[in-house]
Amino acid sequence: MAQTVFDKIWNEHLVGSNAGFPDTLYIDTHLINKITSLAAFEGLRKRHIPVYRPKQTSVITEKESQHIPLSELARFQLDMLNRNCNDFGLNKIEQLRLNQLCPYVSYPGQTIVCDKQLSNILGALGSIAIEISELHVEQVLATQCMLIHKPKRMKIEVNGKLAKGLEAKDINHYLLSEIAADVAKGHFIEYAGDTILNLEIEGRMTICKMSKAIGAIGGLIAPDEKTFAYIQKNSTIMESVNQDIAYQGELFSDDSAVFDEVLEFDAEDIGHGNFGIGLSKLIQSTTQSADKIALDTSAILSGYNDTDYLLSRLENIEEFENSKHYKLLNES
């Protein structure tokens, strides 16, 4: 059956699915910071629950020079982050520039949950990156899974040659002027077309940043030779993880794959200038979408909140891990 690249990645990470309930999605990498993790760690500590997969949890710490002098709140958050890392056996990664950090924490075909700053750009490396809040940080720390309704699939395709001097940000400005502010609500976007694929990886990151601006859950670009060359040049992660090469070789949308929405644009229509969202499109954006994905899935089943439900299914999650290429990540 023909699938989109999003479907291929999602289905590869699907632990369980029941009609009428959110999917149980396995998360390869969980990126946390000092702000969104405090309440989550406190919840684990009170319930005597360990971090389920410490090796798949990366703590992103900011350079202290960015916070000198530190406010009392920032100092408290940093102290608590250090304490939590020590108590739960987690390693910290000093935050580099985003383009340096991305290949260190991401590889094609991966599922990642993180904060908004990173989720906006990691899709450029061919992964599903989803922004989560404190409510779901605890859930993923405890089970390495999250409960989420599968988004609809959208393709935004741009073909043709850009005029001289134009770059990724000009594509974004044009697309934002042509697309209603909430047209992608409830969708995950695949950016495609030769105009997009001719961009370097940094340009693709800029394109993926646009996803949230039109209401999408996130965006990605199918990996190609440029993607793998970028990762091999900037990171050792491909050497440390035993990837399923056959699986990665299939990370593209099949020709007959069906999207819920397809938008096509011609690069020749893109010009210089800072485009804006038209008034009519802003008016359209006030309409509430019935298909908006609610990440808050508390009380999914009678007697359980979302984390408790997943904790009751750890045997199923371990069985899933043992049948997939994630097994090596969990070996001591």
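Helices (DSSP runs of H or I, at least four residues) and strands (runs of E, at least two) are numbered from the N terminus, and axes are lines fitted to C-alpha atoms, for helices over the stretch in contact, with angles from 0 to 180 degrees between N-to-C directions. The model is a predicted one, in which local features need pLDDT of at least 70 and side-chain atom pairs count only at pLDDT 80 or more, while totals for chains, interfaces and linings use all residues. Residues are numbered from 1 along each chain as its sequence is written, and side-chain values use heavy atoms, leaving out hydrogens and water.

We can start with a helix pair. The axes of α7 (residues 168-178) and α9 (residues 201-209) come within 8 Å, crossing at roughly 20 degrees. The two helices are therefore roughly parallel to each other (angles under 35 degrees count as such). On the α7 side, Ala168, Lys169, Ile171 and Asn172 make the contact (heavy atoms within 4.5 Å), and Gly203, Thr206 and Ile207 do so on the α9 side.

Now to the interior. The largest nonpolar core has 33 residues, and those with the most contacts inside it include Ile171, Leu175 and Phe265. Such a core is a set of buried Ala, Val, Leu, Ile, Met, Phe, Trp, Tyr and Cys residues joined through side-chain atoms within 4.5 Å, where buried means under 20% relative accessible area (1.4 Å probe, protein chains only). Among the elements that give two or more residues to this core are β9 (152-159), α9 and β12 (261-266), but α7 gives the most, with five residues. Beyond its neighbours within four places in sequence, Phe265 is in contact with residues including Ile156, Val158, Tyr174 and Leu175.

Terms used: Parallel < 35°, antiparallel > 145°, perpendicular 65-115°, else oblique. Buried < 20%, exposed > 50% of the residue type's maximum accessible area, 1.4 Å probe, protein only.
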